[in-house]
Amino acid sequence: MKLVVASHNQGKLREFARIFSRLGIEMVPQDDLCPNLQVEETGTTFAENARLKAMAVYRATGLPAVADDSGLCIDALNGEPGVYSARYGGEDLPHTEKMKLVLARMEQVPRKQRTARFVSAICCVFSLEDVLETEGVCEGWIGYEPRGTRGFGYDPIFYVGEQSYAEITDEEKDQISHRGRALAALDQKLEERFSSR
Ligand code: IMP
């Protein structure tokens, strides 16, 4: 099966490619078919934004499309940056600076209150009436400093246990991550969908 992935984010696309190849799904990056399509993320939930992106790419290509909308929700910051994770501090602000902003706002927050979670909502559109949706969550906490060089985005400040997302291997991240879990749930729904036909 071939799915167009509605994203321009290289970090995300690498994770989709890794996980889809294990699931036997062929991935076509949106940039191969409609590189100039930009979708405004006007939703207030991850699920709404995932649907907006997948629908837009489905309409533009006529092919089954899948999108993830994801972000980091920090309890001590009332759930911020949440759906605005990519735009936090300004769309063009690099993640090294976004992380500094988060750490500065968390300076006085003790360990017990540094809880956070990554959330991924996935929407897969086969037609206007045939849509599959899943969600994955990974619980963790915000460290006191960035650690590790792997991954992308906020990975160096998001810790699960004593290691940050940027310190664990790709395989370990795919096993426990929000996106890995949402994609595993999608795989399950795809299997059910195809076995019931
Ligand atoms: P979206 O492309 O609008 O879904 O925004 C996703 C944003 O959430 C990314 O640009 C990152 O800021 C953050 N994000 C989502 N998933 C991850 C991840 O696995 N690691 C680090 N940051 C992530």
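This note goes through the main pocket and the salt bridges of the structure.

1. The model is predicted, so that local features need pLDDT of at least 70 and side-chain atom pairs count only at pLDDT 80 or more, while totals for chains, interfaces and linings use all residues. Residues are numbered from 1 along each chain as its sequence is written, and side-chain values use heavy atoms, with hydrogens and water left out.

2. The largest pocket (an open set of points on a 1 Å grid over the protein atoms alone, where a 1.4 Å probe fits, with protein on both sides within 12 Å along at least five of seven lines) is lined by 34 residues, counted as those with an atom within 4 Å of a point. Nearest its centre lie N9, K12, E41, K53 and A86.

3. The structure holds 19 salt bridges, each a side-chain nitrogen of Lys or Arg within 4 Å of a carboxyl oxygen of Asp or Glu. One of them joins the side chains of E41 and R87, at 4.0 Å from N to O.

4. E41 counts as partly exposed at 29% relative accessibility, and R87 is likewise partly exposed, with a relative accessible area of 28%. By contrast, K53 and D69 are both buried (buried means under 20% relative accessible area, exposed over 50%, and partly exposed in between, with a 1.4 Å probe and protein chains only).

5. Between D69 and K53 there is a salt bridge whose closest N and O atoms are 2.8 Å apart. A further salt bridge brings together the side chains of D170 and R150, at 4.0 Å from N to O.
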